[in-house]
Amino acid sequence: MTSQQVLVGAGLTVVLAVGSQILASRLRIPAIIVLLPAGFVAGVATDSVHPDKLIGPSFAPLVSLAVAVILYDAGLGLDLRRLTGHTRRTVLRLVWLGAGLTLPSAAFLASLMLGMSGQAATMLGAVLVVSGPTVVGPLLAFVRPTERVRRVLLWEGTLIDAVGGILGALVYGALVSDRGHTLPGAVGEFLASTLVGLAGGLLGAVVLWWLLSVLRLGEILGTTAQLATVVGVAALCDAFRDDAGLVAAIVMGVAVATLPRYDLPARQPFFETLVSLVVGLLFISISASVTPTSLHHVVLPALGLAAVLVAVVRPVVAELSTLGTDLARGERGFLAWMAPRGIVAASTAATFSSGLTDAGIGGADKILPATFVVIVATVTLYGLTALPVARRLHVVRPARSRPLLVGGAPWVVDLALALREAGVEVLVWAGRRGDRERVAAAGLELAEGELLAAVTETGAEELGLTSVFLLGDDDEFNALASSVIDGQGLPVYHLGRAPWDDTPVAAATGAVLFEGALAGGSASARYASGARITARPAPAEVPAGHALLFTVDATGKVTPVTDDDPSGGADARTAVTFGSVAVPAVDGV
């Protein structure tokens, strides 16, 4: 290709990747539903976006490293301390039983329905083992299932990507080599790749701990250091054993997520932006490799294959994986109805299909288009049905609010207790040790680690946060925090600045709480003078000497009093007030 064609192809790929994600966000659908057809149409319209022509033989190793970055990012959302008991047992079973049952089932069906040779069908079976956080995560964010279901599916999707990647590499190696592989030999090869990945991941975790915790690199260097470490370690592991870098990436991510969060910085927006861009570029590039001719005799059989995987194989895997656990019937049912295929399936198919075709494996040219059809079918099906299925099975998280109160002053603790008394699940974050001890002593749930870690999109989803209230006395901190949190997608509210304070401070974003009445440390001063926070039935007249702070409706939704809404919610059941005169609360509120 000429330099002009390379420039056009690279620019078009980036524009399509980002544009598809923007369109998907506007339509409130998983981005993959837009990315795959966009890449396919672009591949039909022009050769400039075809990765084999745009990048050449470097495409396969670059895909492997890109997937490693994606899996590291997914691992950052997985805390081993939360994987216990029946949840851990279910996840491990879903991974091993899922791989053990899906591979032979898909291989048999592919041979029967697609007319592929046994060798090519086995490769396709290995490809279709994986699920993946790039498709599971957005679907779960939209459905908002209960915490345990969400945790099981995210862990399964992340771990089985590494397992599937290694299986794919082993199957490919066995097919293109002249020597056969016995079962003990295949198991040994798998364990060797896993051990290389584990060793590399542990080494990378030590390096990351030293860089982020000992050297305490800043935001920019800390983020780029993570990227360099993940890419470097994954490349080194892949050089020893194919796809061992995927295991290493997950190990590093989980290790960083599990270490004490007060020692390590949260994921930075740049890293999350990079991962989003990488996902988009991969989907556009891989789907551009699929031609209309290759789909001609594949679509209907591949749809039949997807139907059997969805309606038979996955339910059997889920049922066997949850036997003897305490998962409720609805939780088991939703696990049985959630196994979309994503970027690792696409990248594995794109990486290995051409090599098998060149090796003369019968039907190998059908691996990529069949995978493409299965990905589109499963993502579309689950994307359209996941929410109604979750509602029918009663595994959707309640719509009630779960605010994060930022601050540990006595009046903030009193406010959190009053909201909890009104039936609201409250989470509190405090930076000072004394404030944290006060929050813990009151029996309130304390958010661990850095504030930014809790309010990022992934952190907020994991904690179930719906809003953030900045209740500290430091105007400069509130201004900085509000501007950062506002970019994370959560509604943010702050106390505002005292009218007499003319200190130069950056303007805060978000709504001003309580019409600015408690700004400038006045809340702490009023509390020290005897004012107290009370939860009482509403609607009712606010007692003299009391200010209305929040209202809570029958569903548990919290509405703060702000400049824009000075009356609180219209359907309030409970009012939370702050006043200097002690007024007894009504029992049962």
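Among contacts in the predicted model between residues at least 6 apart in sequence, 75% join residues at least 24 apart. The protein comprises 589 residues, of which 53% count as buried. Its secondary structure consists of 23 helices and 10 strands.

Two helix pairings were examined, beginning with helix 7 (residues 133-143) and helix 17 (residues 367-392), whose axes come within 10 Å and cross at roughly 30°. Because this angle falls under 35 degrees, helix 7 is classed as roughly parallel to helix 17. The crossing of helix 7 and helix 17 is right-handed. On the side of helix 7, the contact is formed by V135, L139, F142 and V143, which meet V379, Y382, G383, A386, L387 and A390 of helix 17. By residue class, the contact of helix 7 with helix 17 contains nine nonpolar residues, one polar residue and no charged residue. The polar member is G383, because glycine is counted among the polar residues in this classification.

Helix 8 (residues 147-176) packs against helix 16 (residues 343-358) at an angle of about 5°, and the two axes lie 10 Å apart. This pair is likewise assigned as roughly parallel. The contributing residues are D161, G168, A169, Y172, L175 and V176 from helix 8, together with V344, F352, G355 and L356 from helix 16. Seven of the residues in the contact of helix 8 with helix 16 are nonpolar, two are polar and one is charged. The charged residue is D161 of helix 8, because Asp belongs to the charged class.

Electrostatic pairing was considered next. Side chains of opposite charge can pair when their charged atoms come close. A search of the whole structure yields 10 salt bridges. Helix 8 takes part in several of the contacts described here. Within this helix, R150 forms a salt bridge with E147, with the closest N and O atoms 3.9 Å apart. This separation satisfies the criterion because a salt bridge requires the nitrogen to lie within 4 Å of the carboxyl oxygen. R150 and E147 are three residues apart in helix 8, so about one helical turn separates them. R150 is buried, at a relative accessible area of 5%, whereas E147 is partly exposed at 22%. The pair also belongs to a network of salt bridges that links E147, R150 and R151.

A further salt bridge involving helix 8 joins E156 to R314, the closest N and O atoms being 2.6 Å apart. This pair connects distant parts of the chain, as E156 lies in helix 8 and R314 in helix 14 (residues 299-321), 158 residues apart. Both partners count as buried because their relative accessibilities, 5% for E156 and 7% for R314, fall under 20%.

In helix 19 (residues 433-441), the side chains of R438 and D435 meet in a salt bridge with an N to O distance of 2.8 Å. R438 and D435 are three residues apart, so they are separated by about one helical turn. D435 is buried, with a relative accessible area of 15%, whereas R438 is partly exposed at 33% relative accessibility.

Backbone geometry was also inspected in the loops. Most residues other than glycine have a negative phi. R144, although not a glycine, has a positive phi of about 55°. R144 is located in the loop between helix 7 and helix 8, and its relative accessible area of 24% makes it partly exposed. H394 likewise has a positive phi, of about 60°, and is not a glycine. H394 occupies the loop between helix 17 and strand 1 (403-406). At a relative accessible area of 71%, H394 is exposed.

Finally, the surroundings of S285 were examined. S285 is situated in helix 12 (residues 269-288) and is buried, with a relative accessible area of 11%. With neighbours within four places in sequence left aside, the residues in contact with S285 are T13, P51 and F59.

Technical notes. Residues numbered from 1 in each chain as written. Predicted model: local features only at pLDDT ≥ 70, side-chain atom pairs only at ≥ 80, totals over all residues. Heavy atoms only, no water. Salt bridge = Lys/Arg side-chain N within 4 Å of Asp/Glu carboxyl O. Helix = DSSP H or I, 4+ residues; strand = E, 2+ residues; numbered from the N terminus. Buried < 20%, exposed > 50% of the residue type's maximum accessible area, 1.4 Å probe, protein only. Axes fitted to C-alpha atoms, helices over the stretch in contact; angles between N-to-C directions. Parallel < 35°, antiparallel > 145°, perpendicular 65-115°, else oblique. Left-handed = near helix turned anticlockwise from the far one by under 90°. Contact = heavy atoms within 4.5 Å.
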